[in-house]
Amino acid sequence: AHLHKPLKPSQLFDALVGIFATSVIDEKVKRPVERLHFDPELGKRHPLRILLAEDNLVNQKVALRILEQSGYRADIASNGKETLESIARQPYDVILMDVQMPEMDGLEATRRILARWPDKKDRPRIIAMTADALESDREMCLAVGMDDYVAKPIRVAELMEALAKAEPRK
C-alpha cells in the first residue's frame, strides 16, 4: 500500500484492512447469494384465503408483495379487533398474525379466536409473523395456540413452508 502525508487514521485503517483482510473479503464475495424463488402458480395449486393482521404499512406492503408473487391475495386487518371482525364476516384458511399491534395484540386476538373456535378444523391456521425472533418468543406464540411462526424480516422460503402446512377449509 502507498499512503501520503498527512496521514488520516481512516486511511491507515483502510490500507491495513486491504492488506490483511483480502482473503476474508474474497471468501465473502465468493459465497453464493440466496436467491428469492417465487412460484407464481402456488396460489392456484394450493389455494388459500389469507388474512394479514399487520399494523405497519411497510410490513403490509412487503407481505402482500411476497404473497402476490406467489399467486396469493390477502385481506388486511390493522389490529386484533379488526382481525376478529374480519373472521366473523368470512372464513379464512390462514391468518398471518403480527404479535405487536395497537388496540388488541396478536396474542390476545389468538386467545379469542381459540375460545370462539376451539376445534382446529373450524378455525383458520394462525401463523405468527413477528420481529421478535428469540426462541422464547416463538415458544410464547406457540404456547398461546398459534400454529406456526415466521420471523421478520420475512424469508420467502420460510413463509411458503408455513403456508404449505395450511389446508383450505370447507
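Reader: Which loop holds Glu-103?

Author: Ground rules: this is a predicted model, where local features need pLDDT of at least 70, side-chain atom pairs count only at pLDDT 80 or more, and totals for chains, interfaces and linings use all residues. Residues are numbered from 1 along each chain as its sequence is written, and side-chain values use heavy atoms, leaving out hydrogens and water. Helices (H or I, at least four residues) and strands (E, at least two) are DSSP runs, numbered from the N terminus. On that footing, Glu-103 sits in the loop between β3 (94–97) and α6.

Reader: What is the phi of Glu-103, and is the residue buried or exposed?

Author: Glu-103 is not a glycine, yet its phi is positive, at about 65°. Buried means under 20% relative accessible area, exposed over 50%, and partly exposed in between (1.4 Å probe, protein chains only). Glu-103 comes out at 63% relative accessibility, so it counts as exposed.

Reader: How do the helices and strands follow one another along the sequence?

Author: There are 8 helices and 5 strands to place. Read along the chain, they run α-α-α-β-α-β-α-β-α-β-α-β-α.

Reader: At what angle do α5 and α6 pack?

Author: α5 spans residues 80–89 and α6 spans residues 106–116, with the two axes 9 Å apart. Axes here are lines fitted to C-alpha atoms, for helices over the stretch in contact, and angles run from 0 to 180 degrees between N-to-C directions. Angles under 35 degrees count as roughly parallel, over 145 as roughly antiparallel, 65 to 115 as roughly perpendicular and the rest as oblique. α5 and α6 are therefore roughly parallel to each other, packing at about 25°.

Reader: Which residues of α6 make the contact with α5?

Author: Contact means heavy atoms within 4.5 Å. α5 brings Gly-80, Thr-83, Leu-84, Ile-87 and Ala-88, and on the α6 side the contact is made by Ala-109, Arg-112, Ile-113 and Arg-116.

Reader: How many residues of that contact between α5 and α6 are nonpolar?

Author: Ala, Val, Leu, Ile, Met, Phe, Trp, Tyr, Cys and Pro count as nonpolar, Asp, Glu, Lys and Arg as charged, and the others, Gly among them, as polar. In the contact of α5 with α6, 2 residues are polar and 2 are charged, while the nonpolar ones number 5.

Reader: And α6 with α7: how far apart are their axes?

Author: These two helices cross at roughly 25°. That makes α6 and α7 roughly parallel to each other too, by the cut-off already given. Their axes come within 9 Å.

Reader: Which residues of α7 meet α6?

Author: α6 offers Leu-107, Thr-110, Arg-111 and Leu-114, and they meet Met-140, Cys-141 and Val-144 in α7. The whole contact of α6 with α7 divides into 5 nonpolar, 1 polar and 1 charged. So as not to lose the names, the α7 partners once more: Met-140, Cys-141 and Val-144.

Reader: How far apart in space are Cys-141 and Leu-107?

Author: Cys-141 lies in helix α7 (residues 135–144) and counts as buried at 1% relative accessibility. Setting aside residues up to four places away in sequence, Cys-141 touches Val-99, Leu-107, Ala-128, Met-146 and Tyr-149. Cys-141 and Leu-107 are 34 residues apart in sequence, but C-alpha to C-alpha the distance is 7.0 Å.

Reader: What is the relative accessible area of Asp-148?

Author: Asp-148 belongs to strand β5 (residues 148–151). Apart from neighbours within four places in sequence, its contacts are Arg-125, Ile-126, Ile-127, Ala-128, Leu-142, Ala-162 and Lys-165. Asp-148 is buried, with a value of 8%.

Reader: How far is Leu-48 from Ala-164, C-alpha to C-alpha?

Author: Leu-48 is in the loop between α3 (42–45) and β1 (50–53), and at 9% relative accessibility this residue counts as buried. Beyond four places in sequence, Leu-48 has contacts that include Tyr-72, Asp-93, Leu-163 and Pro-168. Leu-48 and Ala-164 are 116 residues apart along the chain, and their C-alpha atoms are separated by 9.5 Å.

Reader: Where is Pro-153, the proline whose peptide bond from Lys-152 is cis?

Author: That bond has omega near 0°. The peptide bond from Lys-5 to Pro-6 is cis as well, with omega near -5°, and Pro-6 is in the segment before α1 (9–20). Pro-153, for its part, is in the loop between β5 and α8 (156–164).
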